[in-house]
Amino acid sequence: MREFALIDLLTASLPTHGSVVVGAGDDCAVLDLGLADRWVLFKTDAVVEGVHFTAATEPRRIGHKALARCASDLAAMGGLPTVALVTVGLPIGFAPTDVQEVYAGLNALARRLGVGIAGGETSASPDGLWLSVALLGTVAKDRCVLRSGGRPGDALFVTGTLGGSRRGKHLDFEPRVVEGRWLAERFPLHAMIDLSDGLAGDLRHVLKASGVGAELDANAIPISEAARATASGPSPEEAALRAALTDGEDFELLFSLATEDVEPLLTAWPTKFPHLSLSHVGVLTHEPGLRLRDDRGVRPLELDGYAHFQ
Ligand SMILES: [Mg+2]
């Protein structure tokens with residue numbers, strides 16, 4: 001069973017609560033816990049040896065990644081992370097100095113983000129190291145950005161560059177918390193998501209939640225140096241584009257907003273974030289489905305990143 005089918009099955013009959021504004025199916029749970037102007041954001045995520053890192057990964061990077069994944073999801077709602085709980089599963093014989101290094105990576109990112117680590121739990125683990133982080137944050141009620149607000153005609157943007165994150169970025173990425181809050185506070189964003197499953201995969205989540213389609217501009221996709229360096233085969237350029245569309249764990253932000261806001265955004269962005277690119281990669285459409293436009297025309301974009309002529 002594919003991961004998303006399993007999630008659909010598990011989330012079909014969850015008990016709910018009156019405080020839940022948005023439950024499973026967006027980047028974070030959104031809760032109304034009685035704060036006057038703000039909603040609470042709640043997210044949990046885990047990193048597991050053999051899945052998200054290997055036995056050879058430096059412990060400090062593992063701690064960093066565990067918190068960064070959660071923070072990226074809060075960023076995708078325009079949120080401000082505040083406090084985390086950390087549970088760690090330790091294999092027998094795991095060196096105490098390595099545990100300290102895991103926490104050093106976690107703590108360094110927490111300090112940069114202004115996040116407190118308010119407790120947690122340790123457990124023995126029979127098979128490899130794992131960490132689970134639960135992160136709380138808040139967002140102004142009128143600035144919370146969901147996946148479901150995309151509208152036909154919206155311009156689509158991504159931060160940074162995409163593809164090839166397995167060459168290191170998946171362990172060392174900076175969650176776009178500052179950027180997400182700045183965007184949500186200054187611009188009427190319609191939809192936003194962080195890129196964990198690749199641009200094409202995560203855009204499909206937005207399309208499904210918003211009930212729209214999209215057309216991506218192949219020439220505007222910001223292909224990372226890592227994606228270009230690993231591209232091979234008869235057409236390296238095409239392979240690099242496919243990596244940018246389908247490689248996971250970029251942890252950049254994908255968002256949509258009305259076309260009238262495009263020019264003010266493109267004017268303000270480079271002044272505020274001179275070291276992070278922002279790319280206008282496509283448009284949301286009435287017509288359902290995901291398509292790719294390149295020099296040869298417009299074609300459906302398949303799940304594997306191929307755009308086949310029909
Ligand atoms: Mg996410």
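Let's start with disulfides: in this predicted model, the count comes to zero. A disulfide is a covalent bond between the sulfur atoms of two cysteines. To be counted here, a pair of cysteine sulfur atoms has to sit within 2.5 Å. Now look at Cys 28: the closest cysteine sulfur belongs to Cys 70, and it is 8.1 Å away, so the two are too far apart for a bond. Go the other way and you land back where you began, because the closest cysteine sulfur to Cys 70 is the one in Cys 28, at that 8.1 Å.

Are these two cysteines buried or exposed? Cys 28 has 2% relative accessibility, so it counts as buried. Cys 70 is buried too, with a relative accessible area of 0%. They have plenty of company, since buried residues make up 49% of the 310 residues in the protein chain.

Now zoom out to the whole chain. Its secondary structure comes to nine helices and 13 strands. How is the chain packed overall? For 310 residues, a compact globule would have a radius of gyration near 19 Å, and this chain has 20 Å, which agrees. If you drew a box around the C-alpha atoms along the principal axes, it would be roughly 55 × 55 × 45 Å.

Contacts tell you about the fold as well. Take those between residues at least 6 apart in sequence: 81% of them join residues at least 24 apart.

Finally, the outside. The accessible surface comes to about 14700 Å², and 54% of that belongs to carbon and sulfur atoms. As for charges, there are 28 positive and 40 negative ones, and their mean positions are 2 Å apart.

Definitions and conventions:
Residues are numbered from 1 along each chain as its sequence is written. This is a predicted model: local features need pLDDT of at least 70, side-chain atom pairs count only at pLDDT 80 or more; totals for chains, interfaces and linings use all residues. Side-chain values use heavy atoms; hydrogens and water are left out. Helices (H or I, at least four residues) and strands (E, at least two) are DSSP runs, numbered from the N terminus. The radius of gyration is taken over C-alpha atoms; the globule rule is 2.2 Å times the number of residues to the power 0.38. Buried means under 20% relative accessible area, exposed over 50%, partly exposed in between (1.4 Å probe, protein chains only). Contact means heavy atoms within 4.5 Å. Accessible areas come from the Shrake-Rupley method with a 1.4 Å probe; for residues, only the protein chains shown count as cover. Lys and Arg count as positive and Asp and Glu as negative; His and the chain ends are not counted. The place of a charge is taken as NZ of Lys, CZ of Arg, CG of Asp or CD of Glu.
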